[in-house]
Amino acid sequence: MPEPAYSARSHPEEHAVPTAVDSAPAAIPPCTATMDVVPDDDRMTVTVWGELDLGSRRLLPELYDMLTLSGTGLDLCLDAVGFCDCAGLNALLDLRTRAVDEGKTVTVRSCGVAVERLLDLTGTRELFANSGRPESAPPPAAPAADPPEDDGQDLRAEVTQLRRAMQTRPTIDLARGILMASFGLSPEAAWGVLVRTSQNTNTKLHHLAQDLVGTVGGRTLPEPVQQQLAAAVAGASRPGGAAAYPTDAPVEDRDRTAGD
């Protein structure tokens, strides 16, 4: 087996959230994934292990470089990825978009259960297929009887919620990071501030997050939102003023608290 031509290792201590907010990327959490890249003819084989979440966006600059150096694109081996959420999938989709712009391809050569389930639920498996299903996936089974109608509705609802979370979660996580860095809040308290401000201003949570991230670029929040945000931060800073919403609740559930 050839020696890796390139290796990227995550260094959480080097990517801690700073105490001052200078730019939006500063709110991206540390990367918990590791990758090795090996040339394979006119392609690059990228092996990833660890977790693909919002922090995995820190790998994109290196992946873009490897994509540019390759002749036709990248083949991803994701067997050792034990966790993948919508933010991690977004990073893979951004990599594929860059490949399309360069006239190249990004394929998932193999993957574990976490990635496989997310690709199936979001209908994105074929976007990363070379000629058929990824090698890790079993061959198509014989046609089964139609599932009960209720099961089909539940599955469609789950896919809809996951796709929605995939679109809104990165921005909400950035907004939470901005609050943590700006006001010294814990992750739970930052969630509480977002949810409370969303409720008190009748603003959808992901819209509030977009406006908050926009302040990094110089935009100003409306005065009523500023007042409610300041009050929520003051309440969260007092003893016992932690988040009023469970941090393990799905993003789409939190978003519905703001008149969605």
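Good morning. I begin with a salt bridge: Glu 116 pairs with Arg 125, and their closest N and O atoms lie 3.3 Å apart. Please keep in mind that this is a predicted model. Both partners count as buried, because the relative accessibility is 16% for Glu 116 and 7% for Arg 125, and the cut-off for buried is under 20%.

Salt bridges with shared partners also join Asp 40, Arg 43, Asp 75 and Arg 109 into one network. How many salt bridges are there by this rule? The count is seven.

Within that network, let me turn to one pair. The side chains of Asp 75 and Arg 43 form a salt bridge, at 3.0 Å from N to O. This pair connects distant parts of the chain, since Asp 75 belongs to strand β4 and Arg 43 to strand β3, with their positions 32 residues apart. Asp 75 is buried, at a relative accessible area of 7%, and Arg 43 is likewise classed as buried, at 14%.

A further salt bridge joins the side chains of Glu 102 and Lys 104, at 3.7 Å from N to O. Is each partner here buried or partly exposed? Glu 102 is partly exposed, with a relative accessible area of 30%, whereas Lys 104 is buried, at 12%.

I now move to the interior. The count comes to one cavity of 30 Å³ or more, and the largest cavity has a volume of about 90 Å³. Which elements contribute to the lining of the largest cavity? At least two residues each come from β3 (43-52), α1 (60-69), β4 (73-84) and α2 (86-101). The largest share, three residues, is supplied by α2. Among the lining residues are Met 35, Val 48, Leu 63, Leu 76 and Gly 88. By class, the lining holds 10 nonpolar residues, two polar residues and no charged ones.

Finally, I turn to the backbone. Most residues other than glycine have a negative phi. Asp 41, however, has a positive phi, near 55°. Asp 41 sits in the loop between β2 (33-40) and β3, and it counts as exposed because its relative accessibility is 78%, the cut-off being over 50%.

Asn 202 also has a positive phi, of about 55°, although it is not a glycine. The loop between α5 (187-201) and α6 (205-214) contains Asn 202, and at 63% relative accessibility this residue is exposed.

Thank you for your attention.

Definitions and conventions. Residues numbered from 1 in each chain as written. Predicted model: local features only at pLDDT ≥ 70, side-chain atom pairs only at ≥ 80, totals over all residues. Heavy atoms only, no water. 1 Å grid on protein atoms, 1.4 Å probe; cavity = no way out; pocket = protein on both sides within 12 Å on 5 of 7 lines; lining within 4 Å. Points joined across faces, edges and corners; volume = space filled by probe spheres on them. Helix = DSSP H or I, 4+ residues; strand = E, 2+ residues; numbered from the N terminus. Nonpolar A, V, L, I, M, F, W, Y, C, P; charged D, E, K, R; others polar. Buried < 20%, exposed > 50% of the residue type's maximum accessible area, 1.4 Å probe, protein only. Salt bridge = Lys/Arg side-chain N within 4 Å of Asp/Glu carboxyl O.
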